[in-house]
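Dear colleague,

Please find the structure below, handed over for your records. My notes on it follow directly after.

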Amino acid sequence: MPEWLVLTLAMLAACAVVVVITLVRHRRAAEDEDPSETPDVIEYMTMWIGVVYAIVLGLAIAGVWEARGVAQDHVQAEAQALREISERVRVYPADERDRIREDVNAYVGHVVTTEWRTMTDQGRLTRRGDELLQRLRVDLTDYRPASDFEAQAYQPLLDQMTATAQARNARADSLEPTMPGVVWFGLVAGAVITVGMVFALQIRRTARELILAGLFSALIAFLLFLIWDFDAPYSRGITATAEPFRALFPDVGG
(Lines give C-alpha, C1' and ligand atoms only; values in the text may rest on other atoms or scores of the structure.)
Protein backbone atom coordinates (compact mmCIF):
# COMPACT_ATOMS: atom_id res chain seq x y z
CA MET A 1 0.00 0.00 0.00
CA PRO A 2 1.47 3.42 -0.94
CA GLU A 3 2.59 5.50 2.01
CA TRP A 4 0.52 8.52 0.94
CA LEU A 5 -2.56 6.29 1.08
CA VAL A 6 -1.61 5.06 4.55
CA LEU A 7 -1.24 8.66 5.70
CA THR A 8 -4.58 9.67 4.19
CA LEU A 9 -6.39 6.75 5.80
CA ALA A 10 -4.78 7.43 9.18
CA MET A 11 -5.81 11.08 9.13
CA LEU A 12 -9.34 10.26 8.00
CA ALA A 13 -9.62 7.59 10.68
CA ALA A 14 -8.53 10.06 13.35
CA CYS A 15 -11.13 12.58 12.20
CA ALA A 16 -13.81 9.90 11.98
CA VAL A 17 -13.17 8.71 15.54
CA VAL A 18 -13.54 12.23 16.91
CA VAL A 19 -16.68 12.95 14.89
CA VAL A 20 -18.38 9.65 15.74
CA ILE A 21 -17.65 9.82 19.46
CA THR A 22 -18.71 13.45 19.62
CA LEU A 23 -22.00 12.78 17.85
CA VAL A 24 -22.72 9.77 20.06
CA ARG A 25 -22.04 11.83 23.20
CA HIS A 26 -24.22 14.59 21.86
CA ARG A 27 -27.20 12.25 21.40
CA ARG A 28 -26.77 10.59 24.79
CA ALA A 29 -26.14 13.78 26.74
CA ALA A 30 -28.77 14.93 29.19
CA GLU A 31 -31.01 17.74 27.96
CA ASP A 32 -30.07 20.01 30.84
CA GLU A 33 -26.31 19.46 30.46
CA ASP A 34 -24.42 22.70 29.92
CA PRO A 35 -21.12 22.20 27.99
CA SER A 36 -19.98 25.66 29.05
CA GLU A 37 -19.65 24.49 32.65
CA THR A 38 -16.39 22.62 32.09
CA PRO A 39 -14.26 23.04 35.24
CA ASP A 40 -11.31 25.37 34.87
CA VAL A 41 -8.96 22.69 36.19
CA ILE A 42 -9.83 20.43 33.25
CA GLU A 43 -9.11 23.20 30.79
CA TYR A 44 -5.80 23.87 32.56
CA MET A 45 -4.82 20.19 32.50
CA THR A 46 -5.80 19.86 28.85
CA MET A 47 -3.64 22.83 27.93
CA TRP A 48 -0.58 21.44 29.72
CA ILE A 49 -1.07 17.92 28.37
CA GLY A 50 -1.15 19.39 24.87
CA VAL A 51 1.99 21.44 25.49
CA VAL A 52 3.94 18.53 26.94
CA TYR A 53 2.88 16.19 24.17
CA ALA A 54 3.79 18.77 21.53
CA ILE A 55 7.30 18.98 23.02
CA VAL A 56 7.60 15.18 22.99
CA LEU A 57 6.46 15.02 19.37
CA GLY A 58 8.94 17.73 18.41
CA LEU A 59 11.81 15.90 20.07
CA ALA A 60 10.82 12.63 18.41
CA ILE A 61 10.66 14.24 14.96
CA ALA A 62 14.02 15.93 15.50
CA GLY A 63 15.53 12.62 16.62
CA VAL A 64 14.39 10.58 13.63
CA TRP A 65 15.29 13.38 11.20
CA GLU A 66 18.79 13.57 12.68
CA ALA A 67 19.12 9.79 12.40
CA ARG A 68 18.14 10.00 8.75
CA GLY A 69 20.81 12.66 8.18
CA VAL A 70 23.44 10.56 9.95
CA ALA A 71 22.51 7.56 7.80
CA GLN A 72 23.03 9.66 4.67
CA ASP A 73 26.40 10.81 6.05
CA HIS A 74 27.48 7.16 6.36
CA VAL A 75 26.69 6.62 2.69
CA GLN A 76 28.60 9.76 1.72
CA ALA A 77 31.63 8.74 3.80
CA GLU A 78 31.68 5.25 2.28
CA ALA A 79 31.40 6.53 -1.28
CA GLN A 80 34.07 9.20 -0.72
CA ALA A 81 36.52 6.71 0.79
CA LEU A 82 36.06 4.38 -2.19
CA ARG A 83 36.59 7.28 -4.56
CA GLU A 84 39.83 8.16 -2.78
CA ILE A 85 41.01 4.57 -3.18
CA SER A 86 40.18 4.60 -6.87
CA GLU A 87 42.08 7.87 -7.41
CA ARG A 88 45.10 7.33 -5.17
CA VAL A 89 45.85 3.90 -6.59
CA ARG A 90 46.98 5.51 -9.85
CA VAL A 91 50.60 5.50 -8.58
CA TYR A 92 50.58 1.69 -8.67
CA PRO A 93 51.55 -0.36 -11.74
CA ALA A 94 48.89 -0.59 -14.41
CA ASP A 95 47.89 -4.19 -13.70
CA GLU A 96 47.56 -3.64 -9.97
CA ARG A 97 45.81 -0.30 -10.44
CA ASP A 98 43.26 -1.76 -12.84
CA ARG A 99 42.54 -4.73 -10.61
CA ILE A 100 41.88 -2.53 -7.58
CA ARG A 101 39.68 -0.17 -9.56
CA GLU A 102 37.72 -3.13 -10.89
CA ASP A 103 37.22 -4.27 -7.30
CA VAL A 104 35.96 -0.83 -6.33
CA ASN A 105 33.59 -0.63 -9.29
CA ALA A 106 32.28 -4.14 -8.65
CA TYR A 107 31.54 -3.27 -5.03
CA VAL A 108 29.88 0.05 -5.88
CA GLY A 109 27.81 -1.56 -8.62
CA HIS A 110 26.59 -4.21 -6.21
CA VAL A 111 25.72 -1.65 -3.53
CA VAL A 112 23.67 0.66 -5.75
CA THR A 113 21.70 -2.19 -7.30
CA THR A 114 21.35 -5.46 -5.43
CA GLU A 115 22.36 -4.45 -1.91
CA TRP A 116 20.29 -1.28 -1.80
CA ARG A 117 17.15 -3.20 -2.74
CA THR A 118 17.96 -5.76 -0.07
CA MET A 119 18.35 -2.98 2.50
CA THR A 120 15.00 -1.52 1.52
CA ASP A 121 13.05 -4.77 1.37
CA GLN A 122 14.73 -6.92 4.03
CA GLY A 123 16.56 -4.46 6.27
CA ARG A 124 20.00 -6.06 5.98
CA LEU A 125 23.21 -5.96 4.00
CA THR A 126 24.22 -8.73 1.61
CA ARG A 127 26.89 -11.36 2.04
CA ARG A 128 28.03 -10.65 -1.50
CA GLY A 129 28.80 -7.07 -0.52
CA ASP A 130 30.96 -8.32 2.34
CA GLU A 131 32.81 -10.62 -0.06
CA LEU A 132 33.46 -7.88 -2.60
CA LEU A 133 34.74 -5.54 0.10
CA GLN A 134 36.98 -8.26 1.48
CA ARG A 135 38.41 -8.87 -1.99
CA LEU A 136 39.23 -5.18 -2.28
CA ARG A 137 40.88 -5.25 1.14
CA VAL A 138 43.03 -8.26 0.20
CA ASP A 139 44.17 -6.68 -3.06
CA LEU A 140 45.17 -3.51 -1.24
CA THR A 141 46.93 -5.07 1.72
CA ASP A 142 48.75 -7.83 -0.19
CA TYR A 143 50.47 -5.48 -2.59
CA ARG A 144 54.14 -4.81 -1.85
CA PRO A 145 55.22 -1.30 -2.87
CA ALA A 146 58.12 -1.41 -5.32
CA SER A 147 59.32 2.17 -4.71
CA ASP A 148 59.30 4.88 -2.08
CA PHE A 149 56.63 6.74 -4.03
CA GLU A 150 54.33 3.71 -3.94
CA ALA A 151 55.16 3.15 -0.28
CA GLN A 152 54.03 6.69 0.55
CA ALA A 153 50.65 5.94 -1.04
CA TYR A 154 50.28 2.52 0.60
CA GLN A 155 49.33 3.58 4.13
CA PRO A 156 46.83 6.28 3.04
CA LEU A 157 45.14 3.66 0.87
CA LEU A 158 44.83 1.35 3.87
CA ASP A 159 43.40 4.24 5.88
CA GLN A 160 40.75 4.80 3.21
CA MET A 161 40.03 1.08 3.23
CA THR A 162 39.46 1.27 6.98
CA ALA A 163 37.20 4.28 6.51
CA THR A 164 35.17 2.34 3.94
CA ALA A 165 34.72 -0.62 6.27
CA GLN A 166 33.73 1.64 9.16
CA ALA A 167 31.19 3.48 7.02
CA ARG A 168 29.73 0.18 5.84
CA ASN A 169 29.40 -1.05 9.41
CA ALA A 170 27.75 2.23 10.39
CA ARG A 171 25.37 1.86 7.46
CA ALA A 172 24.46 -1.61 8.70
CA ASP A 173 23.83 -0.26 12.22
CA SER A 174 21.53 2.43 10.80
CA LEU A 175 19.22 -0.14 9.23
CA GLU A 176 17.35 -0.70 12.47
CA PRO A 177 14.49 1.62 13.48
CA THR A 178 15.57 4.62 15.50
CA MET A 179 12.69 4.75 17.99
CA PRO A 180 12.52 2.00 20.67
CA GLY A 181 9.23 0.25 21.29
CA VAL A 182 8.75 1.91 24.66
CA VAL A 183 8.98 5.34 23.00
CA TRP A 184 6.33 4.35 20.47
CA PHE A 185 4.13 3.21 23.34
CA GLY A 186 4.52 6.63 24.93
CA LEU A 187 3.80 8.45 21.68
CA VAL A 188 0.65 6.48 20.95
CA ALA A 189 -0.57 6.62 24.55
CA GLY A 190 0.10 10.36 24.61
CA ALA A 191 -1.91 10.79 21.41
CA VAL A 192 -4.85 8.91 22.91
CA ILE A 193 -4.72 10.96 26.11
CA THR A 194 -4.34 14.25 24.27
CA VAL A 195 -7.24 13.57 21.92
CA GLY A 196 -9.26 12.14 24.82
CA MET A 197 -8.93 15.40 26.71
CA VAL A 198 -10.81 17.04 23.84
CA PHE A 199 -13.89 15.15 24.98
CA ALA A 200 -13.27 16.20 28.56
CA LEU A 201 -13.83 19.75 27.31
CA GLN A 202 -17.17 18.59 25.87
CA ILE A 203 -16.39 19.64 22.32
CA ARG A 204 -19.80 19.04 20.80
CA ARG A 205 -21.61 22.33 20.72
CA THR A 206 -20.95 23.70 17.24
CA ALA A 207 -19.81 22.50 13.85
CA ARG A 208 -16.81 24.80 14.13
CA GLU A 209 -15.61 23.11 17.31
CA LEU A 210 -16.20 19.70 15.77
CA ILE A 211 -14.13 20.60 12.71
CA LEU A 212 -11.30 21.96 14.86
CA ALA A 213 -11.30 18.82 16.99
CA GLY A 214 -11.13 16.68 13.86
CA LEU A 215 -8.29 18.72 12.39
CA PHE A 216 -6.42 18.52 15.70
CA SER A 217 -6.69 14.74 15.70
CA ALA A 218 -5.64 14.56 12.03
CA LEU A 219 -2.58 16.69 12.80
CA ILE A 220 -1.49 14.31 15.55
CA ALA A 221 -2.00 11.36 13.18
CA PHE A 222 0.13 13.14 10.56
CA LEU A 223 2.96 13.83 13.01
CA LEU A 224 2.97 10.22 14.22
CA PHE A 225 3.08 9.05 10.61
CA LEU A 226 5.98 11.43 9.96
CA ILE A 227 7.93 9.93 12.85
CA TRP A 228 7.19 6.40 11.62
CA ASP A 229 8.20 7.37 8.08
CA PHE A 230 11.60 8.73 9.17
CA ASP A 231 12.16 5.92 11.68
CA ALA A 232 13.72 3.58 9.07
CA PRO A 233 16.33 5.73 7.26
CA TYR A 234 16.77 3.39 4.28
CA SER A 235 13.37 1.86 3.65
CA ARG A 236 10.51 4.36 4.01
CA GLY A 237 9.39 7.65 2.54
CA ILE A 238 12.11 10.29 2.58
CA THR A 239 15.07 7.94 2.93
CA ALA A 240 18.82 8.09 2.69
CA THR A 241 19.77 7.34 -0.91
CA ALA A 242 22.62 5.80 -2.87
CA GLU A 243 23.10 9.07 -4.76
CA PRO A 244 26.64 9.67 -3.37
CA PHE A 245 27.78 6.41 -5.01
CA ARG A 246 26.16 7.36 -8.32
CA ALA A 247 27.59 10.87 -8.21
CA LEU A 248 31.16 9.74 -7.50
CA PHE A 249 31.02 6.71 -9.78
CA PRO A 250 28.85 7.81 -12.72
CA ASP A 251 30.14 5.04 -14.97
CA VAL A 252 29.11 2.27 -12.63
CA GLY A 253 25.73 0.70 -13.37
CA GLY A 254 22.71 1.34 -11.14
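The notes below go from the overall fold to the salt bridges and then to the surface.

This is a predicted model, in which local features need pLDDT of at least 70 and side-chain atom pairs count only at pLDDT 80 or more, while totals for chains, interfaces and linings use all residues. Residues are numbered from 1 along each chain as its sequence is written, and side-chain values use heavy atoms, with hydrogens and water left out.

**Overall fold**

The protein has eight helices and zero strands, and its elements run α-α-α-α-α-α-α-α from the N terminus on. Helices (H or I, at least four residues) and strands (E, at least two) are DSSP runs, numbered from the N terminus. Of the 254 residues, 40% are buried; buried means under 20% relative accessible area, exposed over 50%, and partly exposed in between (1.4 Å probe, protein chains only). Among contacts (heavy atoms within 4.5 Å) between residues at least 6 apart in sequence, 82% join residues at least 24 apart.

**Salt bridges**

The structure holds 11 salt bridges, each defined as a side-chain nitrogen of Lys or Arg within 4 Å of a carboxyl oxygen of Asp or Glu. Five residues, E78, E115, D130, R168 and R171, are linked in a network of such bridges.

In this network, E78 and R171 meet through their side chains at 2.8 Å, N to O. Because E78 lies in helix α2 and R171 in helix α5 (residues 148-173), this pair ties together parts that are 93 residues apart in sequence. Both E78 and R171 are buried, R171 with a relative accessibility of 0%. The 2.8 Å approach of the two side chains also counts as a polar contact, that is, a pair of N or O atoms within 3.5 Å; within protein, one must be able to donate a hydrogen and the other to accept it, and residues adjacent in sequence count only if both atoms are side-chain atoms. Beyond its neighbours within four places in sequence, R171 is in contact with residues including H74, V75, Y107, E115, W116 and Y234.

R168 forms a salt bridge with E115, their closest N and O atoms being 2.9 Å apart. That pair links distant parts of the chain, with R168 in helix α5 and E115 in helix α3 (residues 94-122), 53 residues apart. Both R168 and E115 are buried.

R168 also meets D130 in a salt bridge of 2.8 Å, N to O. Since D130 lies in helix α4 (residues 127-141) and R168 in helix α5, the pair ties together parts that are 38 residues apart in sequence. D130 is partly exposed, at 43% relative accessibility, whereas R168 is buried, with a relative accessible area of 2%.

**Surface**

The protein exposes about 14,100 Å², of which carbon and sulfur atoms supply 61%; accessible areas come from the Shrake-Rupley method with a 1.4 Å probe, and for residues only the protein chains shown count as cover. Y44, M45, M47, W48, V51, V52, I55, V56 and L59 make a nonpolar surface patch of about 880 Å². Patches are made of residues with over 30% relative accessible area and no salt bridge, like charges being joined within 9 Å and nonpolar side chains (Val, Leu, Ile, Met, Phe, Trp, Tyr) within 5 Å. One of the patch residues, M47, is placed in helix α2 (residues 40-88) and is partly exposed at 45% relative accessibility.

A54 also lies in helix α2 and is partly exposed at 45% relative accessibility. A54 and L223 are 169 residues apart in sequence and 9.9 Å apart in space, C-alpha to C-alpha.

With kind regards
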